[in-house]
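Trainee: Hi, have you got a few minutes to go through a structure with me? I'd like to start with the strands and then jump around a bit.

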Amino acid sequence: VYSRATPPERAALDRLGLTADWAVFVPVTGRADGVTRVQAADEFQVFVQTKGGLLVALDAASGREQWRYKFPSAFADGFPVAVNAR
């Protein structure tokens, strides 16, 4: 199934008592690609991995992209992101 995702409407969020702080576009390479994993590393960073081998680090407060890395082999199994103090 392929669709163009859109942020939820404000009325739907209000009905559930939720708010959206930010929304972000993560590029995919086509219909076979998609988001495979989203991880909140800590209160500062969120990592998004795609099936196509893209890893994107986002600022958790603003959704601003901090950096991205494209793995050489696309459509391989993704691995959880590991972080440390450095």
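Mentor: Happy to. Let's start with β2 and β3, which run antiparallel and are joined by five bridges. Keep in mind that this is a predicted model.

Trainee: Okay, which residue stands opposite Asp59 of β3?

Mentor: That's Gln45. The two strands, β2 and β3, make a hairpin with three residues between them. Gly53 sits in that turn and has a positive phi of about 95°.

Trainee: And what about β3 and β4, how many bridges join them?

Mentor: Five bridges, and β3 (residues 54-59) runs antiparallel to β4. Leu54 stands opposite Lys70 in β4, while Leu58 has Glu65 as its bridge partner. This pair is a hairpin too, with five residues between the strands. Its turn holds Gly63, whose phi is positive at about 80°.

Trainee: Nice. What's the strand order in the whole sheet?

Mentor: It goes β1-β2-β3-β4, an open sheet of four strands with antiparallel pairing. The edges are β1 (35-40) and β4 (65-70), each pairing on one side only. On average, neighbouring strands are turned by 15° against each other, ignoring direction.

Trainee: Back to β3 for a sec. Are its residues buried or exposed?

Mentor: Buried, six of six, so the strand counts as mostly covered, given that buried means under 20% relative accessible area. Leu54, Val56 and Leu58 point one way from β3, and Leu55, Ala57 and Asp59 point the other way.

Trainee: Switching topic: how many salt bridges does a search of the whole structure find?

Mentor: One. The side chains of Arg68 and Glu65 meet there, at 2.9 Å from N to O.

Trainee: Why does Arg68 count as partly exposed?

Mentor: Because its relative accessibility is 44%, which falls between the 20% and 50% cut-offs. Glu65 is partly exposed as well, with a relative accessible area of 33%.

Trainee: Last one, pockets. How much space lies in the second largest pocket?

Mentor: About 210 Å³. β2 (45-50) and β3 are the elements that give two or more residues to its lining.

Trainee: Which residues lie nearest the centre of that pocket?

Mentor: Gln49, Phe71, Ala76, Asp77 and Gly78, out of 15 lining residues. By class, the lining of the second largest pocket has seven nonpolar, six polar and two charged residues.

Trainee: Great, thanks for walking me through it!

How values were computed. Residues numbered from 1 in each chain as written. Predicted model: local features only at pLDDT ≥ 70, side-chain atom pairs only at ≥ 80, totals over all residues. Heavy atoms only, no water. Pairing = 2+ DSSP bridges. Axes fitted to C-alpha atoms, helices over the stretch in contact; angles between N-to-C directions. 1 Å grid on protein atoms, 1.4 Å probe; cavity = no way out; pocket = protein on both sides within 12 Å on 5 of 7 lines; lining within 4 Å. Points joined across faces, edges and corners; volume = space filled by probe spheres on them. Nonpolar A, V, L, I, M, F, W, Y, C, P; charged D, E, K, R; others polar. Salt bridge = Lys/Arg side-chain N within 4 Å of Asp/Glu carboxyl O. Buried < 20%, exposed > 50% of the residue type's maximum accessible area, 1.4 Å probe, protein only.
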